[in-house]
Amino acid sequence: MDVKNDNYFQTGNIEDYQPIITALMKQSLNPNNTVSSPNLIAEVIYSSVIDGTNQLRYRAGNDANYLLNARKKMKEQSF
């Protein structure tokens, strides 16, 4: 998928989502970006099911860390 030229990612008319889309685009265009593997995601999901806690959210990979760290820098309403 060519995200640079994909109209779905054009942000000119959805200003409310600009900060998060900008963060996602920056990460997706990073040549050192490593997207979490399906196996890693499956492991995190499985672990979440059997961990015996009521935890709602789990981080799964460096891409999730990047996104969630970007979120911390924004106000809730902006995210």
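Is R59 buried, exposed or partly exposed, and what is its relative accessible area? In this predicted model, R59 is partly exposed because its relative accessible area is 37%, a value that falls between the limit of under 20% for buried residues and that of over 50% for exposed ones. The residue lies in the loop between helix 2 and helix 3.

The surroundings of R59 can be described through its contacts. Leaving aside residues up to four places away in sequence, R59 touches V44, N65, L68, N69 and K72. Two of the polar contacts of R59 join side chain to side chain. One is made with the side chain of N65, at 3.1 Å, and another with the side chain of N69, at 3.5 Å. A further distance places R59 relative to helix 2, which covers residues 38–50. R59 and I41 are separated by 18 residues in sequence, and their C-alpha atoms are 9.2 Å apart in space.

The chain as a whole contains three helices and zero strands. Read from the N terminus, the order of the elements is α-α-α. The chain has 79 residues, of which 18% count as buried. Its exposed area is about 6,600 Å², with 53% of this supplied by carbon and sulfur atoms. Among contacts with a separation of 6 or more, 48% are accounted for by residues 24 or more positions apart.

Confidence in the prediction is given by pLDDT. The average for the chain is 78, and 78% of the residues score at least 70. Among the elements, the lowest mean pLDDT, 79, belongs to helix 1, and the highest, 94, to helix 2.

Helix 1 spans residues 18–28, and its buried residues are I20, I21, A23, M25 and Q27. Helix 3, which runs over residues 62–72, is included in what covers these buried residues.

The loop between helix 1 and helix 2 holds S36. This residue is buried because its relative accessible area is 14%, and the limit for a buried residue is under 20%. Not counting residues up to four places away in sequence, S36 touches I41, A60, G61, N62 and D63. Two of these neighbours also appear among the polar atom pairs of S36. A polar atom of the S36 side chain lies 2.8 Å from the backbone oxygen of A60. The side chain of S36 also makes a polar contact with that of D63, at 2.4 Å.

I41, which is touched by S36, also takes part in a nonpolar surface patch. This patch has an area of about 510 Å² and is made by I41, I45, Y46, V49 and I50. I50 is found in helix 2. Why does I50 count as exposed? Its relative accessibility is 52%, and the exposed class begins over 50%, so I50 counts as exposed.

Taken together, the residues examined in detail cover each of the three accessibility classes. S36 is buried, R59 is partly exposed and I50 is exposed. S36 and R59 are loop residues, S36 lying between helix 1 and helix 2 and R59 between helix 2 and helix 3, whereas I50 belongs to helix 2 itself.

Terms used:
Residues are numbered from 1 along each chain as its sequence is written. This is a predicted model: local features need pLDDT of at least 70, side-chain atom pairs count only at pLDDT 80 or more; totals for chains, interfaces and linings use all residues. Side-chain values use heavy atoms; hydrogens and water are left out. Buried means under 20% relative accessible area, exposed over 50%, partly exposed in between (1.4 Å probe, protein chains only). Helices (H or I, at least four residues) and strands (E, at least two) are DSSP runs, numbered from the N terminus. Contact means heavy atoms within 4.5 Å. Patches are made of residues with over 30% relative accessible area and no salt bridge: like charges are joined within 9 Å, nonpolar side chains (Val, Leu, Ile, Met, Phe, Trp, Tyr) within 5 Å. Accessible areas come from the Shrake-Rupley method with a 1.4 Å probe; for residues, only the protein chains shown count as cover. A salt bridge is a side-chain nitrogen of Lys or Arg within 4 Å of a carboxyl oxygen of Asp or Glu. A polar contact is a pair of N or O atoms within 3.5 Å; within protein, one must be able to donate a hydrogen and the other to accept it, and residues adjacent in sequence count only if both atoms are side-chain atoms. pLDDT is the predictor's confidence in each residue, from 0 to 100.
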